[in-house]
Amino acid sequence: MGPLLTWLQTPIAILLTVVHLGVAARAITRPGRQPASRVAWMAVIMSVPVIGVIGYLFLGETSIGPRRAAQLRTVMERSGVPVNQPVPADRVPEQIRSLFSLVGSVNGFTPSPGNRIRLLGDPDATAQEPARDSAAALTTLIADIEAAQETVHLCFYIWLDDDLGGRMVEAVCAAARRGVACRVMVDALGSRAFIKSARWRQLRDAGVLTDAAQDDIPRLGPLPVGRVDLRNHRKIAVIDNQIAYCGSQNCADAEFRVEEKFAPWVDVLLRCEGPVARQEQWLFTSTWTIETGEDLSALAAQEPLPTSYEDGALVEMFGTGPTSTGPAMSEVFVATIYAAQRELIITTPYFVPDEAILRALCAAPHRGVETTIVFPARNNSRLVGACGRSTYAALLDAGVTIYEYPLGLLHSKIITIDGEVCLLGSANMDRRSLELNFENNMLVADRALTQDVKARQQTYLSVSHRVDPADVRAWSFPRRLAQNTIEMLAPLL
């Protein structure tokens with residue numbers, strides 16, 4: 001057996017070498033990959049060849065699979081995107097005209113004027129009472145579902161079978177029974193318990209069309225290839241093609257039963273009435289068609305009722321994902337940061353920025369912009385929390401003020417600039433939202449709404465603790481070593 005084993009070792013070694021070099025070449029040459037990601041993957045593949053190759057096969061690509069790719073091309077060919085009437089130049093402040101143009105380039109949308117947008121929640125609730133605030137926001141959505149006449153379209157990353165989640169199911173089922181076309185889409189991973197529950201069957205039995213998004217993964221025979229953790233992280237609700245909801249709110253109680261020790265979850269949700277609902281409708285229907293094959297292009301192109309509010313908010317929706325051209329979400333974040341001239345306030349739970357975002361944030365104070373970021377004090381992802389804190393020294397040295405919210409998981413994803421413009425939605429400032437997840441955000445130019453959103457940020461700040469630069473400088477060497485090592489792997493997260 002000795003000579004035979006020796007004879008077999010040579011071709012096996014050659015084969016492993018060829019596979020190793022081929023995977024390394026793919027990691028270097030894959031289109032659209034950021035330089036930091038190339039370097040990180042090469043370091044993993046070269047330092048731990050076999051494990052690195054296996055890791056790359058499972059996590060190194062962002063393919064959505066040939067079926068979804070074909071469906072995506074079909075959707076793009078069949079349905080145009082909603083286009084609004086040209087907006088007079090004086091309606092868009094000069095400092096953000098290029099920002100709206102950039103946002104419009106993501107999906108081909110144009111700015112939508114004449115919208116009435118309201119920040120939901122209990123006006124008497126503070127950041128110390130997120131359960132009451134969350135319940136008030138989702139109760140408003142439930143009331144709109146109860147009044148729906150034609151269609152109810154819902155998409156949530158996480159839907160729990162708790163009090164609010166159950167009430168939402170009851171409202172959708174009642175709408176379906178009275179003849180409203182109801183479609184519900186949840187993420188197969190984020191809502192995995194809900195999909196197996198009696199509530200999911202209750203929706204189907206009532207005539208609701210359902211879909212567990214990303215329930216299959218790209219495969220090569222029996223082996224998964226590419227990222228096996230691509231997720232639909234969007235939070236979308238569109239009622240009768242006239243009312244749209246956008247924000248960070250999942251369909252769940254603030255107590256968030258699946259991760260109670262980090263609760264309460266502190267979220268933000270906007271209710272939008274007007275033409276912009278067509279843009280969010282398109283984001284839903286295009287994804288629905290890709291997932292299910294049901295052609296909803298006619299519904300997406302349907303003209304809305306002539307509901308337009310004089311002097312209403314100027315809004316532009318956009319959705320990104322692994323199929324987007326280039327780092328679209330990162331580009332919008334960076335452009336929004338640079339659009340600020342006096343004041344920049346950011347709230348985000350998961351902070352693993354790419355180099356462009358970190359540079360933009362560090363440059364803001366040097367441009368004379370008062371820059372404040374609010375993070376949760378405790379993060380439900382230890383790796384992401386460590387990555388975020390690894391950036392504290394650079395941000396503080398640049399003049400950024402950092403606060404940590406101690407009363408729960410601050411889950412709101414908000415940027416307000418100069419008290420005039422806000423950007424919010426489902427996307428975090430982390431690599432998952434920037435490159436992997438399907439996300440939806442909206443850009444709003446409206447002083448009244450932005451002031452309301454900024455006031456909500458101020459409630460977070462009122463109970464948060466300011467991070468002292470001296471404390472960060474005093475962090476121990478082992479702590480800094482661990483955080484910075486994890487930061488080096490950020491492109492792989």
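Which residues does H411 touch, not counting residues up to four places away in sequence?

## H411 and its neighbours

In this predicted model, H411 touches S248, N250, W265, V266, D267, P349 and Y350, leaving aside residues up to four places away in sequence. H411 sits in the loop between β15 (409-410) and β16 (414-417). H411 counts as buried, because its relative accessibility is 4% and the cut-off for buried is under 20%.

Q249 is 162 residues from H411 along the chain. The C-alpha atoms of the two are nevertheless 8.2 Å apart.

## The chain overall

The protein chain has 493 residues, and 56% of them are buried. Its secondary structure consists of 19 helices and 19 strands.

Contacts across long stretches of sequence are well represented. Take the contacts between residues at least 6 apart in sequence: 81% of them join residues at least 24 apart.

## The largest pocket

The largest pocket holds about 820 Å³ of space. Its lining has 32 residues. Nearest the centre lie Y157, E259, Y350, N380 and R432. Y350 is also one of the residues that H411 touches.

Three helices each give at least two residues to this lining: α8 (192-195), α14 (382-389) and α16 (431-436). By residue type, the lining of the largest pocket has 15 nonpolar, ten polar and seven charged residues.

## Enclosed cavities

How many cavities of 30 Å³ or more does a search of the whole structure find? There are five. The largest cavity has a volume of about 100 Å³. Its lining consists of P349, Y350, F351, F375, P376, N379, V384, G385, G388, R389, Y392 and E404.

Helix α14 gives the most to this lining, with four residues. Strand β13 (370-376) and α14 each supply at least two. The lining of the largest cavity divides into seven nonpolar, three polar and two charged residues. Y350 lines this cavity and also lies among the residues nearest the centre of the largest pocket.

## Nonpolar cores

In soluble globular proteins, nonpolar side chains tend to be buried together. Here, the largest nonpolar core has 44 residues. I96, F333, L344, L361 and L395 have the most contacts inside it. A second core is separate and has 37 residues, including F109, A213, W282 and L461.

L395 touches F351, L358, L361, C362, I373, V400 and I402, not counting residues up to four places away in sequence. F351 also belongs to the lining of the largest cavity.

## Helices α13 and α17

Helix α13 covers residues 355-366. Its twelve residues should span 16 Å at 1.5 Å a residue, and its end C-alpha atoms are 17 Å apart, so expectation and model agree. The buried residues of α13 are I357, L358, A360, L361, C362, A364 and P365. They pack against α12 (328-339), β12 (343-347), β13, α15 (392-398) and α16. After α13 comes G368, with a positive phi near 90°.

Helix α17 covers residues 447-463. Its 17 residues should span 24 Å at 1.5 Å a residue, and the end C-alpha atoms are 25 Å apart, so this helix agrees too. Buried in α17 are L449, T450, V453, K454, R456, Q457, Y460, L461 and V463. L461 is also part of the second core.

## Backbone exceptions

Most residues other than glycine have a negative phi, and most peptide bonds are trans. Which peptide bond here is cis? The bond from A263 to P264 is, with omega near 0°. P264 lies in the loop between β8 (243-247) and β9 (265-266).

D240 is not a glycine, yet its phi is positive, about 55°. N241 also has a positive phi, near 60°. D240 lies in the loop between β7 (236-239) and β8, and N241 is found between β7 and β8 as well. D240 is buried, with a relative accessible area of 17%. N241 counts as buried at 3% relative accessibility.

## A partly exposed loop residue

Where does E294 lie? E294 is in the loop between α10 (277-292) and α11 (297-300). With a relative accessible area of 27%, E294 is partly exposed. E294 touches R183, L209, W288 and T289, again not counting residues up to four places away in sequence.

Note on methods: Residues numbered from 1 in each chain as written. Predicted model: local features only at pLDDT ≥ 70, side-chain atom pairs only at ≥ 80, totals over all residues. Heavy atoms only, no water. Buried < 20%, exposed > 50% of the residue type's maximum accessible area, 1.4 Å probe, protein only. Contact = heavy atoms within 4.5 Å. 1 Å grid on protein atoms, 1.4 Å probe; cavity = no way out; pocket = protein on both sides within 12 Å on 5 of 7 lines; lining within 4 Å. Points joined across faces, edges and corners; volume = space filled by probe spheres on them. Nonpolar A, V, L, I, M, F, W, Y, C, P; charged D, E, K, R; others polar. Expected span 1.5 Å × (residues − 1). Core = buried A, V, L, I, M, F, W, Y, C linked by side-chain atoms within 4.5 Å.
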